[in-house]
Protein chains: 2
Amino acid sequence: MAYNNAAFAALADPTRRAVFERLADGPRAVGDLAEGLPVSRPAVSQHLKVLKDAGLVTDRAEGARRVYQIDPAGLGAMRAWLDRFWTAALDAFAAEIDRQNNELQPKPEREDPPK
Amino acid sequence: MAYNNAAFAALADPTRRAVFERLADGPRAVGDLAEGLPVSRPAVSQHLKVLKDAGLVTDRAEGARRVYQIDPAGLGAMRAWLDRFWTAALDAFAAEIDRQNNELQPKPEREDPPK
DNA sequence: CTCATCTGTTAGTGAGAGCTTACGGTAAGT
DNA sequence: ACTTACCGTAAGCTCTCACTAACAGATGAG
C-alpha cells in the first residue's frame with residue numbers, strides 16, 4: 001500500500017517526469033536521455049535510480065551502455081490505486097449531493113433555518 | 001499540461017496523502033481532519049491549501065467552520081493523464097518485444113522463438 | 001457587546017531533495 | 001595493452017519544503 005508513496009514521489013519532480021515521458025516512446029540509454037535535458041548525465045542517472053526503486057522502470061545492460069525502459073507493472077499499480085480512489089471519491093461526492101438536497105428540503109426538523 | 005505537476009507534487013507528501021484519503025469518505029472540517037493526525041492543525045491547513053491550489057479539493061464555509069471536499073474534476077484530470085500515458089507505455093512495451101524478437105531471429109519469418 | 005471556538009496566515013527553523021564536480025569501474029575498438 | 005566511451009557513486013553545496021509557534025480575522029452563543 002505504501003509503495004504508492006514512492007511512485008508518487010518519483011513522479012512529483014518535473015525533471016523526473018521529463019525522463020519518464022521520454023521513456024514512454026521506447027527504451028533509451030542514459031546518455032541518450034541526458035542529451036536534450038537541462039541537467040547533467042549523473043543527475044539523470046540518479047533520477048533513474050529513484051524511478052527504478054519506485055518500480056516504474058527497469059534497466060538492462062546492453063554492452064557498455066545501460067538501457068532503461070518503463071515497467072508496465074509499476075505504472076499499472078499506480079493506475080489501480082488511482083482508479084480505486086476515484087470510485088470512492090465519486091461515491092462520496094454523490095452521497096454528499098444527496099445529503100445537501102435532503103437538507104435543503106424543509107423537513108419537520110429544526111436545525112439550520114436558511115437565512 | 002504542467003498542472004499535473006502540482007497534482008503529483010501535492011500527493012507526493014505522505015501527510016498530504018493521509019489528509020486526502022480521509023476526505024475520500026466524505027467532506028470534513030479542518031479540525032476534524034487534524035484530529036488523529038500526528039501534525040498540528042495549522043499544518044493540516046497548509047496542506048489543504050496546497051491540495052486546493054492543485055485543484056484536488058474544494059472548500060466551502062459552513063458557519064465558523066470550513067469544510068473541505070474532494071474535487072472529482074482534479075482527480076479525473078490526473079486519471080486521464082495516467083490513462084493516456086498508460087496506453088503509450090504499453091504500446092512502446094509491445095513494440096519493444098517485437099523488435100527484440102525480430103532482432104534475435106532475423107532470418108526466418110517465424111515469430112516463434114522456442115527459447 | 002463580550003467571550004469562546006474555528007480557521008487562515010506569517011516568521012523562523014531543521015531536515016531532505018536535487019544538482020554539479022570528481023572519481024572509479026566496465027565494455028568495445030584500435 | 002592502451003584508449004575511448006558509457007555509466008554509477010560519493011562528496012559537497014544550495015535551496016525548497018514541512019513543521020511548530022504566535023498572531024489576526026470571522027462566526028455563534030451568552
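In the predicted model, B:Glu62 lies opposite B:Arg65, a residue of strand β3 of chain B. The two strands concerned, β2(B) and β3(B), the latter spanning residues 65–70, run antiparallel and are joined by six bridges. A further pair in this ladder is formed by B:Thr58, whose bridge partner in β3(B) is B:Gln69. The hairpin that connects β2(B) with β3(B) has two residues between the strands, and within this hairpin B:Gly63 adopts a positive phi near 70°.

The hairpin belongs to an open sheet of three strands in chain B, arranged in the order β1-β3-β2 with antiparallel pairing. Because β1 (28–29) and β2 (57–62) of chain B each have a single partner strand, both stand at the edges of the sheet, and one side of each is left without a neighbour there. Helix α2 of chain B, comprising residues 14–23, packs on this sheet and touches β1, β2 and β3 of chain B, its direction making about 90° with that of β3(B).

Within helix α2 of chain B is found B:Phe20, which is classed as buried because 23 other C-beta atoms lie within 10 Å, the threshold for this class being 20 or more. When residues up to four places away in sequence are left out of account, B:Phe20 touches B:Leu11, B:Leu51 and B:Leu56. By contrast with these contacts, the C-alpha atom of B:Phe20 is separated by 13 Å from that of B:Ala9, a residue eleven positions away along the chain.

Chain A contains an open sheet of three strands, again in the order β1-β3-β2 and with antiparallel pairing. Here β1 (28–29) and β2 (57–62) of chain A occupy the edges, and since each has a single partner strand, one side of each has no neighbour in the sheet. The pairing of β1(A) with β3(A) is antiparallel and extends over two bridges; in β3(A), A:Tyr68 is the bridge partner of A:Arg28. Helix α2 of chain A (residues 14–23) lies across β1, β2 and β3 of chain A and runs at about 90° to β3(A).

The relation between the two chains was examined by superposition. Chain B is superposed on chain A by a rotation of 180° with 0.0 Å of shift along the axis, giving an RMSD of 0.1 Å. This is the relation of a two-fold axis. The same surface serves both copies, in that 96% of the contact residues of chain B recur in chain A.

Both chains contribute to the surroundings of DNA strand D, which is surrounded by 22 residues, the closest being A:Ala29, A:Gly31, A:Pro42, A:Ser45 and B:Ser40. The elements that supply two or more residues to the surface near this strand are α3 (30–34), α4 (41–53) and β3 (65–70) of chain A, together with α4 (41–53) of chain B. Among the contributing elements, α4(A) gives the most to the surface near DNA strand D, with five residues. In composition, the residues of the surface near DNA strand D divide into nine nonpolar, eight polar and five charged.

Terms used: Residues numbered from 1 in each chain as written. Chains lettered and ligands numbered in written order. Predicted model: local features only at pLDDT ≥ 70, side-chain atom pairs only at ≥ 80, totals over all residues. Pairing = 2+ DSSP bridges. Helix = DSSP H or I, 4+ residues; strand = E, 2+ residues; numbered from the N terminus. Contact = placed C-beta atoms within 7 Å. Axes fitted to C-alpha atoms, helices over the stretch in contact; angles between N-to-C directions. Buried ≥ 20, exposed ≤ 12 C-beta atoms within 10 Å, placed from the backbone. Near = placed C-beta within 6 Å. Nonpolar A, V, L, I, M, F, W, Y, C, P; charged D, E, K, R; others polar. Least-squares fit on C-alpha atoms with pLDDT ≥ 70 in both.
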